Amino acid sequence: MAITSFPWVQELCRHKPVICPSLLAADFANLQREIRLVEEAGARVLHVDVMDGHFVPNISIGVPVVASIRKITRLPLDVHLMISDPARYAEPFIEAGADSLLFHIEAVPEPEELIGRIRALGAAPGLVLNPKTPAEAVLPYAPLADILLTMSVQPGFGGQKFMPGVLEKVRKFKQVARSDTLLSIDGGIGKWTINEAARAGADMFVAGTSVFDAVNYAERIRLLRRLAAER
Ligand code: DX5
Ligand code: ZN
């Protein structure tokens with residue numbers, strides 16, 4: 001059966017390259033203000049990092065925060081689950097308002113069932129792989145996913161250094177992915193790294209520190225987008 005992607009995913013596909021601000025680097029005490037600012041700065045999607053202190057050595061936010069964010073923005077929420085048991089939490093996160101649900105292949109090595117369930121629950125399924133995980137772990141399932149997210153740092157923390165070695169995997173995904181699959185990259189993306197990621201075939205760029213450290217978010221997003229578009 002052919003997979004029809006969600007209208008918001010199609011919309012992002014029409015506006016590549018997509019800069020996806022990661023709220024992990026936002027001021028959590030002023031989340032509403034930060035979200036308003038990146039909306040006004042032209043963001044078309046928001047990345048939300050969920051960590052359980054088990055799959056990764058850090059704890060961030062959970063279902064109630066996603067539900068609160070849902071109430072204050074209409075932007076799609078790209079929810080990145082860095083948790084050991086994503087199958088258990090898929091439904092609550094989607095009910096809370098996640099538009100995509102990205103989970104790690106290391107947590108679910110046979111992801112078909114969960115991909116199907118996420119889609120049936122009304123969210124876009126995405127597969128993520130860590131820097132050390134080979135592309136081959138994901139390739140058989142690549143056509144089933146709406147988003148393929150290549151980690152370019154060890155997951156768990158913002159502000160780390162980009163690992164260029166992962167770009168070989170992005171090149172492989174580019175060859176097999178459906179034309180309406182977003183090839184996302186996450187970790188260390190900024191003005192010095194975004195262009196090489198784009199040249200490898202990435203078209204969605206999760207950016208935490210490089211957006212929220214800027215004095216002017218709109219200028220920074222524009223700059224990143226321009227650098228990603230230069231091939
Ligand atoms: C890291 C998270 C990232 C993080 C990226 O585990 O998945 O989304 O926010 O942060 P930067 O852009 O600062 O590397
Ligand atoms: Zn992330």
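**View 1. Backbone contact between glycine 208 and ligand 1 in the predicted model.** A polar backbone atom of glycine 208 lies 2.8 Å from an oxygen atom of ligand 1. The ligand has 380 Å² of accessible area on its own, of which the protein covers 99%. This view, like those that follow, is drawn from a predicted structure.

**View 2. Side-chain contacts of ligand 1 with aspartate 49 and histidine 47.** In the side chain of aspartate 49, an N or O atom is 2.8 Å from an oxygen atom of ligand 1. For histidine 47, the corresponding distance from a side-chain N or O atom to an oxygen atom of ligand 1 is 3.4 Å.

**View 3. The shell of residues around ligand 1.** Ligand 1 is surrounded by 19 residues, and those that come nearest are Ser22, Asp49, Gly156, Asp186 and Thr209. Sorted by class, the shell comprises 10 polar, seven nonpolar and two charged residues.

**View 4. Strands and pocket at the site of ligand 1.** At least two shell residues are supplied by each of the strands β2 (46-51), β3 (77-82) and β8 (204-207). The largest pocket is the space that ligand 1 takes.

**View 5. The protein fold as the setting for the close-up views.** Nine helices and eight strands make up the secondary structure of the protein. The radius of gyration is 16 Å, close to the 17 Å given by the globule rule for 231 residues, so the protein is as compact as a globular protein of that length. The C-alpha trace spans about 45 × 40 × 35 Å along its principal axes.

Key:
Residues numbered from 1 in each chain as written. Chains lettered and ligands numbered in written order. Predicted model: local features only at pLDDT ≥ 70, side-chain atom pairs only at ≥ 80, totals over all residues. Heavy atoms only, no water. Near = heavy atom within 4 Å. Polar contact = N/O pair within 3.5 Å; in protein donor to acceptor, adjacent residues only side chain to side chain. Areas by Shrake-Rupley, 256 points an atom, 1.4 Å probe, with all protein chains shown as cover. 1 Å grid on protein atoms, 1.4 Å probe; cavity = no way out; pocket = protein on both sides within 12 Å on 5 of 7 lines; lining within 4 Å. Sits in = over half its atoms within 2 Å of the grid points. Helix = DSSP H or I, 4+ residues; strand = E, 2+ residues; numbered from the N terminus. Nonpolar A, V, L, I, M, F, W, Y, C, P; charged D, E, K, R; others polar. Rg over C-alpha atoms; globule rule 2.2 N^0.38 Å.
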